[in-house]
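Hi everyone, thanks for making time this morning. I have one structure to walk you through, so let me put it up on the screen.

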Amino acid sequence: MSAQAAPPLPEATAVLRLALVGLPGCGKSTIGRQLARRLALDFIDSDAEIEKRLGMSIRQYFELHGEAAFREVEQAVLEQICTAPASCVLATGGGIVLRQVNRQILKERARVVYLHASVSDLWRRLRNDTKRPLLQGDDAQARLKALAREREPLYRDVAEFVVETGRQPPAASVNTIAMQMEVLG
């Protein structure tokens, strides 16, 4: 009896999760939507997913339950998105990198791009914002600077590459990311 070669296994379709991280106002949602269209992938905004789960805005949840409770929900939503067998472009919340477990999930289950903009460019975009709970109250610009100092090293730690988004139009950032993804394979 002769041994026959087993038929080749079908190639597994790779799941591409491209996660965008960065400070509030850097363009994660805007660039993410455009990038998803360009790459023919689904777009997921983790903050929108969180609000669906909570049945209220993030700002309301912060006011009722505080930041620590919010970070628990944020982690659960990230885990859910990053274990789903679907490719996507994911716009994360600005504080997603604060928890080590979230940084680990992102490193292991996504290609991560840090969208960087200077604090002055971000402030120009956000100075009239009323939705972001961490940028409300007196001296929101100083708070934004503090967030940048705290989070910058964490964004850089988790990211495979950095794209400057401060003064360039979103389409230019999309092109840069798409080209970088081709290089990385």
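I'll start with the overall picture, then go through some helix pairs, and finish with a few single residues.

First, a word on confidence. What you see is a predicted model, and its average pLDDT is 87, with 86% of the residues scoring at least 70. Please keep an eye on residues 1-12, though, where the pLDDT is below 50. That stretch has zero contacts in the model beyond near neighbours in sequence. Where pLDDT is low, we should not read the predicted coordinates in detail.

Now the overall layout. The protein contains seven helices and five strands. If you follow the sequence, the order is β-α-β-α-α-β-α-β-α-α-β-α. The protein has 185 residues, and 42% of them count as buried. Here is one for those of you who like contact maps: among contacts with a separation of 6 or more, what share comes from residues 24 or more positions apart? For this protein, that share is 75%.

On to the helix pairs, beginning with α1 and α7. Helix α1 covers 28-39, and helix α7 covers residues 170-184. Their axes are 9 Å apart and the packing angle is about 55°. Angles from 35 to 65 degrees fall in the oblique class, so α1 and α7 are oblique to each other. The crossing of these two helices is right-handed. On the α1 side, the residues that meet α7 are T30, I31, Q34, L35 and R38. Facing them from α7 are P170, A171, S173, V174, N175, I177 and A178. By class, that contact comes to seven nonpolar, four polar and one charged.

Let's stay with R38 for a moment, since it sits in helix α1 and takes part in that contact. Is R38 buried, partly exposed or exposed? With a relative accessible area of 45%, R38 is partly exposed. Leaving out residues up to four places away in sequence, R38 touches V174, N175 and A178. Along the chain R38 and N175 are 137 residues apart, yet their C-alpha atoms are separated by 8.9 Å.

Just after α1 there is a residue you may want to look at in your Ramachandran plots. A40 lies in the loop between α1 and β2, the latter being 42-45. Phi of A40 is near 55°, which is positive in a residue other than glycine. As background, most residues other than glycine have a negative phi. A40 has 69% relative accessibility, so it counts as exposed.

The next pair is α5 and α6. Helix α5 is residues 119-126 and helix α6 is residues 140-158. They pack at an angle of about 135°, and their axes are 10 Å apart. These two are therefore oblique to each other as well. α5 passes α6 in a right-handed crossing. V119, L122, W123 and L126 make the contact from α5, while A140, Q141, L144, K145 and A148 make it from α6. Sorted by class, this gives seven nonpolar, one polar and one charged residues.

A142 is also in helix α6. Its relative accessible area is 33%, so A142 is partly exposed. From A142 to V119 the C-alpha distance is 9.6 Å, with their positions 23 residues apart in sequence.

Helix α6 has a further partner, α4, which is residues 100-109. Here the axes come within 9 Å and cross at roughly 30°. That angle makes α4 roughly parallel to α6. R103, L106 and K107 of α4 meet L154, D157 and V158 of α6. In this contact the split is three nonpolar, no polar and three charged.

One last residue before I hand over: R53. It lies in helix α2, residues 46-54. R53 has 45% relative accessibility and therefore counts as partly exposed. Which residues is R53 in contact with, leaving aside its neighbours within four places in sequence? They are V73, A76, V77 and Q80. R53 and V73 are 20 residues apart in sequence, and 8.6 Å apart from C-alpha to C-alpha.

That's my tour. Thanks for listening, and I'm happy to go back to any part of it.

Definitions and conventions:
Residues are numbered from 1 along each chain as its sequence is written. This is a predicted model: local features need pLDDT of at least 70, side-chain atom pairs count only at pLDDT 80 or more; totals for chains, interfaces and linings use all residues. Side-chain values use heavy atoms; hydrogens and water are left out. Axes are lines fitted to C-alpha atoms, for helices over the stretch in contact, and angles run from 0 to 180 degrees between N-to-C directions. Helices (H or I, at least four residues) and strands (E, at least two) are DSSP runs, numbered from the N terminus. Angles under 35 degrees count as roughly parallel, over 145 as roughly antiparallel, 65 to 115 as roughly perpendicular and the rest as oblique. A crossing is left-handed if the near helix is turned anticlockwise from the far one by less than a right angle, and right-handed if clockwise. Contact means heavy atoms within 4.5 Å. Ala, Val, Leu, Ile, Met, Phe, Trp, Tyr, Cys and Pro count as nonpolar, Asp, Glu, Lys and Arg as charged, and the others, Gly among them, as polar. pLDDT is the predictor's confidence in each residue, from 0 to 100. Buried means under 20% relative accessible area, exposed over 50%, partly exposed in between (1.4 Å probe, protein chains only).
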